Each structure stands twice: as structure tokens, then as C-alpha cells.
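Okay, thanks everyone, I'll keep this short. Have a look at the slide while I talk you through it.

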Amino acid sequence: MKQPYSPMLIIRVVVFLSVLIFNSCKKDETNSSTQINGSLKIQQVNVTIDSVTAVLDTLVNSVNGYSERRLLIYIFSGNNKLRLMANNWSFQNPPQNGITNKSYMTCIDDSSGNSCIGVIPNRICDGGVIDWYTLPCGYTSVGTKSGYVDIVSNDTINQTVNCLFSCNLHNINANQDSLLFDGELNKLKYTIR
């Protein structure tokens with residue numbers, strides 16, 4: 001019998017909902033870069049970017065013995081927050097203090113161009129996630145087939161990244177409601193934790 005939803009999709013939805021519930025919209029992290037060099041559009045309309053924070057995490061994960069490296073970028077606009085995430089795994093040999101330059105698709109499967117290893121339920125893939133937090137609802141790329149976070153370049157010495165992103169995010173409360181998000185960030189400084 002075919003499962004209606006893949007285990008990876010279920011895991012991503014649970015993680016997204018956990019972050020949405022437990023993550024406030026406060027600007028509690030600061031970016032060492034004061035200049036914002038980039039743009040954000042919602043439905044092809046420019047949106048003012050108040051601040052941007054970027055963090056590179058390495059997570060120790062026991063899945064197949066590999067560790068996950070992810071770049072988290074938070075874009076703040078008023079009381080709203082856009083989260084971009086690109087993640088890859090140690091089997092892909094990402095650069096030290098950086099992330100591999102490539103397009104991270106929001107659709108996590110073999111046909112998306114993402115790199116995967118292992119078999120379900122222990123299958124791991126690189127990928128991208130884009131979430132928009134705006135009260136009273138949130139929008140996510142989880143379950144979409146056409147979005148991407150494209151790491152164009154990553155300077156691991158100066159800890160800067162250039163990226164493009166685009167996705168038609170759907171409302172987590174009403175799947176028929178969606179918004180097109182796209183933008184770019186250039187020479188965005190990130191911290192490592």
C-alpha cells in the first residue's frame with residue numbers, strides 16, 4: 001500500500017509547526033552587517049527589508065551516521081519574518097565553515113535534483129525551505145514542487161553568501177491560499193554556531 005505522505009514531508013511539517021509555535025518574531029539575533037544588499041518581493045511587489053540575520057549551523061545527527069549543515073537566513077520586515085533554509089549533509093563534502101553552492105529545491109525527492117542517500121525511513125536529502133511568519137497565519141514551501149534557495153556563491157573566509165530564492169508558498173491554514181515570494185541577497189554576512 002502506498003503511503004499518502006512521505007516520511008520526509010511529515011518530518012518537515014512537524015519541524016515547521018514546532019518552529020512556528022515556539023519561535024517568536026522578535027529580532028533577538030543581530031547581524032554584524034549593517035548594510036542590506038538585496039531585495040524581497042511578495043506577489044512581485046517590493047517589500048521593505050528592515051534587517052537580516054544569517055547563521056550557519058552544523059547539526060550532529062545520527063541518521064546514517066551523517067551530520068547536517070544548514071544555512072538559516074531570517075529576513076525581517078515590520079513584524080513579519082521570512083526564513084530561508086538550505087541544508088546539505090556531510091556525505092556531500094560541504095566546505096569547512098560554509099555550505100555547498102547549488103540550488104536547494106523545496107521538493108525533497110530524487111527527481112528534484114536534490115542529493116539523497118539511504119532508504120526510507122532513514123533517507124536523507126539536501127534541500128531548501130522557505131517560510132513566511134505573519135500573524136495570524138504562516139506560509140510555507142513544505143509540500144511545494146517549484147521553489148528553491150539557490151546558493152550562488154559562498155565565501156567561507158569572509159563568511160558571506162550570495163543567494164537567490166523563489167517559491168509559491170501556501171498558507172498552512174488554507175492550502176488554496178498562496179503567495180509568490182522571490183528575492184536575492186548579496187554579500188550577506190553569516191555567523192557560525
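So, how much accessible surface does the protein have, and what share of it belongs to carbon and sulfur atoms? The surface comes to about 10200 Å², and 52% of that is carbon and sulfur. Bear in mind that this is a predicted model.

On the fold: we've got 14 strands and one helix. There are 193 residues in the protein, and 42% of them are buried. If you take contacts between residues at least 6 apart in sequence, 59% join residues at least 24 apart.

Let's go inside. The largest nonpolar core has 30 residues, and the ones touching the most other members are Ile73, Ile75, Leu82, Ile151 and Leu185. Strand S12, residues 160-171, is the top contributor to this core, giving five residues. Leu185 is a nice one to click on: beyond its neighbours within four places in sequence, its contacts include Val52, Ile73, Ile75, Leu84, Val161 and Phe165. There's another core apart from that one, with six residues, including Leu72, Tyr74, Met85 and Val142.

Now, strand S4, residues 68-77. Is S4 mostly covered or mostly open? Covered: nine of its 10 residues are buried. On one side, S4 pairs with S3, residues 51-59, antiparallel over nine bridges. S4 also pairs with S5, residues 80-89, again antiparallel, over 10 bridges. You can see both pairings at Arg69, which has Thr58 as a bridge partner and stands opposite Asn88 in S5. S4 and S5 make a hairpin with two residues in between, and Gly78 in that turn has a positive phi of about 60°.

Next, the aromatics. There are two aromatic pairs. In one, the ring centres of Tyr66 and Phe91 are 5.3 Å apart with planes at 70°, so we call it edge-to-face. Tyr66 is in the S3–S4 loop and Phe91 is in the loop between S5 and S6, so that pair ties together parts 25 residues apart in sequence. Tyr66 is partly exposed, at 23% relative accessibility, and Phe91 is partly exposed at 23% too.

The other pair is Trp132 and Phe181: centres 5.1 Å apart, planes at 50°, so tilted. Trp132 sits in S9 and Phe181 in S13, so here the parts tied together are 49 residues apart in sequence. Both Trp132 and Phe181 are buried.

Last thing, two lysines over rings. Lys81 lies over the face of Tyr133, 5.3 Å from the ring centre. And the charged end of Lys102 is over the Tyr104 ring, 5.5 Å from its centre.

Key:
Residues are numbered from 1 along each chain as its sequence is written. This is a predicted model: local features need pLDDT of at least 70, side-chain atom pairs count only at pLDDT 80 or more; totals for chains, interfaces and linings use all residues. Side-chain values use heavy atoms; hydrogens and water are left out. Helices (H or I, at least four residues) and strands (E, at least two) are DSSP runs, numbered from the N terminus. Buried means under 20% relative accessible area, exposed over 50%, partly exposed in between (1.4 Å probe, protein chains only). Contact means heavy atoms within 4.5 Å. Accessible areas come from the Shrake-Rupley method with a 1.4 Å probe; for residues, only the protein chains shown count as cover. A nonpolar core is a set of buried Ala, Val, Leu, Ile, Met, Phe, Trp, Tyr and Cys residues joined through side-chain atoms within 4.5 Å. Two strands pair if DSSP finds at least two bridges between them. Rings of Phe, Tyr and Trp (its six-membered ring) pair if their centres lie within 6.5 Å; planes under 30 degrees apart count as stacked, over 60 as edge-to-face and the rest as tilted. A charge sits over a ring if NZ of Lys or CZ of Arg is within 6 Å of the ring centre and within 35 degrees of the ring normal.
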